[in-house]
Amino acid sequence: MLDTFYQEFGYGYDPRWHDDVVDMDTAYFDDPRQALLVAALDDEVVATTSVRADGPQSPPHAPWLAERYPSGRTAQIFRVYVRREHRRHGLARELVEMACRFVALTPGYESIYLHTNAAIDGAEPFWRSVAKEIHDGRTDPAHSPAVHFEIPIPVI
């Protein structure tokens, strides 16, 4: 995940937004309603996806998004990263499906929300293939330019 912040995003680690990456126990392993999923090849992590019991924060996102997707009742899909050389093999899709199944089996969630940086190569088309757009923040100069999506909670 840190590699993604530095190599893909180009801005590196920021403790305001990435504390879950350095304290995974608190963020994922100590909370039964949150999860970190990984795909590994030859002992190397090549893809990640996580579920957090947090809705979008305002700021940087529009206040109406934080109201529509409140923390606690919203499962937010986070940290969907695939190393460049392992892309286009279905890893992200499978990890997101696993994350959605986790949400369906975890009591208290009412929605699955995520946002993405559409400037990252392949991110927007991928999310459009698995989720429904809720808001395109690129049209809202007062807030983050992220594109916001919702995925239906699967029936299991």
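# Exercises on a predicted model

Of the 156 residues in the protein chain, 45% count as buried. The model is predicted. Work through the exercises with the structure open.

## Exercise 1. Confidence

Task: Find where in the protein chain confidence is lowest and where it is highest.

Solution.
- Start with the whole chain. The mean pLDDT is 89, and 88% of the residues reach 70 or more.
- Now go to the extremes. Helix α1 (residues 2–8) has the lowest confidence, with a mean of 58. Strand β6 has the highest, at 98.
- Apply the caution. Where pLDDT is low, predicted coordinates should not be read in detail.

## Exercise 2. Layout of the chain

Task: State how many helices and strands the protein chain has, and give their pattern along the sequence.

Solution.
- Count the elements. The secondary structure comes to 6 helices and 6 strands.
- Read along the sequence. The pattern is α-α-α-β-β-α-β-α-β-α-β-β.
- Turn to the contacts between residues at least 6 apart in sequence. Of these, 59% join residues at least 24 apart.
- Finish with the surface. The chain exposes about 8600 Å², and carbon and sulfur atoms supply 52% of that area.

## Exercise 3. Strand pairing around β2

Task: Identify the strands that pair with β2, and give the sense of each pairing.

Solution.
- Take β1 (35–41) and β2 (44–52). They pair in the antiparallel sense over 7 bridges.
- Locate one bridge. A39 has A47 of β2 as its partner.
- Look at the turn. β1 and β2 form a hairpin with 2 residues between them. D42, in this turn, has a positive phi of about 50 degrees.
- Cross to β3 (74–82). β2 and β3 also pair in the antiparallel sense, over 5 bridges. Here A47 stands opposite V82 in β3.
- Put the two bridges together. A47 is the bridge partner of A39 and stands opposite V82.
- Check the cover. β2 is mostly covered, with 7 of its 9 residues buried.

## Exercise 4. The largest nonpolar core

Task: Name the residues that touch the most other members of the largest nonpolar core, and the element that gives the largest share.

Solution.
- Begin with the members. The core has 25 residues, and V51, I77, I112, W127 and I151 touch the most other members.
- Trace the sources. The elements giving two or more residues are β1, β2, β3, α5 (91–105), β4 (111–116), α6 (123–130) and β6 (147–151).
- Pick the main contributor. α5 gives the largest share, 6 residues.
- Zoom in on I77. Leaving aside neighbours within four places in sequence, I77 is in contact with T49, S50, V51, A99, I112, Y113, L114 and W127.
- Look for another cluster. A second, separate core of 5 residues includes L65, Y69, Y113 and I134.
- Set this beside the general trend. In soluble globular proteins, nonpolar side chains tend to be buried together.

## Exercise 5. Two residues with positive phi

Task: Decide whether D43 and R79 are buried or exposed.

Solution.
- Place D43. It lies in the loop between β1 and β2. Its phi is near 65 degrees, a positive value in a residue other than glycine.
- Compare its accessibility with the cut-off. D43 is exposed because its relative accessible area of 82% is over 50%.
- Place R79. It lies in strand β3, and its phi, near 50 degrees, is also positive in a residue other than glycine.
- Apply the other cut-off. R79 is buried because its relative accessible area of 9% is under 20%.

## Exercise 6. Cis peptides

Task: Find the cis peptide bonds that involve P59.

Solution.
- Place the residues. P59 lies in the loop between β2 and α4 (63–68). P60 is found in that loop between β2 and α4 as well.
- Take the bond before P59. A cis peptide bond joins S58 and P59, with omega about -10 degrees.
- Take the bond after P59. The bond from P59 to P60 is cis, with omega near 15 degrees.
- Check exposure. P59 counts as exposed at 66% relative accessibility.
- Look across the sequence. P59 and A142 are 83 residues apart along the chain, and their C-alpha atoms are separated by 9.6 Å.

## Exercise 7. A buried loop residue

Task: Describe what the side chain of T106 reaches, and at what distance.

Solution.
- Place T106. It lies in the loop between α5 and β4.
- Check its cover. T106 is buried, with a relative accessible area of 10%.
- Follow the side chain. It reaches the backbone oxygen of F102 at 2.6 Å.
- Add the contacts. Leaving aside neighbours within four places in sequence, T106 is in contact with P32 and R33.

How values were computed
Residues are numbered from 1 along each chain as its sequence is written. This is a predicted model: local features need pLDDT of at least 70, side-chain atom pairs count only at pLDDT 80 or more; totals for chains, interfaces and linings use all residues. Side-chain values use heavy atoms; hydrogens and water are left out. A nonpolar core is a set of buried Ala, Val, Leu, Ile, Met, Phe, Trp, Tyr and Cys residues joined through side-chain atoms within 4.5 Å. Buried means under 20% relative accessible area, exposed over 50%, partly exposed in between (1.4 Å probe, protein chains only). Helices (H or I, at least four residues) and strands (E, at least two) are DSSP runs, numbered from the N terminus. Contact means heavy atoms within 4.5 Å. A polar contact is a pair of N or O atoms within 3.5 Å; within protein, one must be able to donate a hydrogen and the other to accept it, and residues adjacent in sequence count only if both atoms are side-chain atoms. pLDDT is the predictor's confidence in each residue, from 0 to 100. Two strands pair if DSSP finds at least two bridges between them. Accessible areas come from the Shrake-Rupley method with a 1.4 Å probe; for residues, only the protein chains shown count as cover.
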